[in-house]
Amino acid sequence: MNPIILLASVLLLPAPAFAHVGDGLHHGLMAGVLHPFSGADHLLAMVMVGLWAGLQGGRARLALPAGFLAGMAGGALLGFAGLALPGVETGIIASVIVLGALAALALQPPLALGMALAAGFGLLHGHAHGTEMAAGAAFFGMLAGTAALHAAGLALASPVAPWARRAAQAVGGAAALGGVILALV
């Protein structure tokens, strides 16, 4: 199936299908792997990191996802420790909108700035996951699941057809719009 059609289909699913996983699934490696897939906000933001990185190319292809993962690990550790961060949910929704817009516009800020932005958003997502999951194997699973979503975004940005870049940017725009919709519901 065409990845663009697949992502558009996911965006059109009803919001309750993206509710976070139940209490029985907060422990273990597989719970961690699945956790980033359990909410539209997390799923879209993480795919957009990869898409934005892929559209930039070069060192950004690895640096932006690495920055997000580093921030996510730090945020999860803060969440595991019970330390509160203000504005986490608002920041997570903002990450979907901003990352989608960055991909839609294929903006290429200096790499350090892009990494800092990705890491900041990763911190917020990691904190949310860290407050919902048990520490341990789930932590490593969460990072692996997130890396898989980044890879999916990179794959969307990597086709060789000349129209593919515009299509990838359209996916970014759809994700930004999805973030706006999430903010309103």
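Phe-139 is buried, because its relative accessible area is 11%; buried means under 20%, exposed over 50%, and partly exposed in between, with a 1.4 Å probe and protein chains only. This is a predicted model, where local features need pLDDT of at least 70, side-chain atom pairs count only at pLDDT 80 or more, and totals for chains, interfaces and linings use all residues. Residues are numbered from 1 along each chain as its sequence is written, and side-chain values use heavy atoms, with hydrogens and water left out.

Let me stay with the aromatic rings. Rings of Phe, Tyr and Trp, the last by its six-membered ring, pair if their centres lie within 6.5 Å; planes under 30 degrees apart count as stacked, over 60 as edge-to-face, and the rest as tilted. That rule gives two aromatic pairs. One is Phe-80 with Phe-139, edge-to-face, at 6.0 Å centre to centre and 65° between the planes. This pair links distant parts of the chain, with Phe-80 in helix H4 (residues 60-80) and Phe-139 in helix H7 (residues 137-157), 59 residues apart. Phe-139 also pairs edge-to-face with Phe-140, at 5.1 Å centre to centre and 80° between the planes. The ring pairs thus join Phe-80, Phe-139 and Phe-140 into a cluster. Phe-80 counts as partly exposed because its relative accessible area is 24%, and Phe-140 counts as exposed because its value is 55%.

A word on helices: these are DSSP runs of H or I with at least four residues, and strands are runs of E with at least two, numbered from the N terminus.

Now the core. A nonpolar core is a set of buried Ala, Val, Leu, Ile, Met, Phe, Trp, Tyr and Cys residues joined through side-chain atoms within 4.5 Å. The largest one here has 39 residues, and those with the most contacts inside it are Met-48, Leu-51, Phe-68, Leu-99 and Met-142. Two or more residues come from each of H3, H4, helix H5 (88-105), helix H6 (111-132), H7 and helix H8 (164-184). H3 gives the largest share, eleven residues. In soluble globular proteins, nonpolar side chains tend to be buried together.

What does Phe-68 touch, leaving out residues up to four places away in sequence? With contact meaning heavy atoms within 4.5 Å, its partners include Met-46, Val-49, Phe-121, His-125 and His-150.

As for H3 itself, 17 of its 17 residues are buried. Its 17 residues reach 24 Å from first C-alpha to last, close to the 24 Å expected, where the expected span is 1.5 Å times one less than the number of residues. Gly-57 follows H3 and has a positive phi, near 75°.

Just before H3, His-35 sits in the loop between helix H2 (29-34) and helix H3 (40-56). His-35 counts as buried because its relative accessibility is 0%. Its side chain makes a polar contact with the side chain of His-129 at 3.1 Å; such a contact is a pair of N or O atoms within 3.5 Å, and within protein one must be able to donate a hydrogen and the other to accept it, while residues adjacent in sequence count only if both atoms are side-chain atoms. Leu-34, in helix H2, is partly exposed because its relative accessibility is 42%. Leu-34 and Gly-145 are 111 residues apart in sequence and 6.4 Å apart in space, C-alpha to C-alpha.

Last, confidence. pLDDT is the predictor's confidence in each residue, from 0 to 100. The chain's mean is 86, and 86% of its residues reach 70 or more. Among the elements, helix H1 (residues 3-12) has the lowest mean pLDDT, 47, and H4 the highest, 97. Over residues 5-25 the pLDDT is below 50, and this stretch has 24 contacts in the model beyond near neighbours in sequence.
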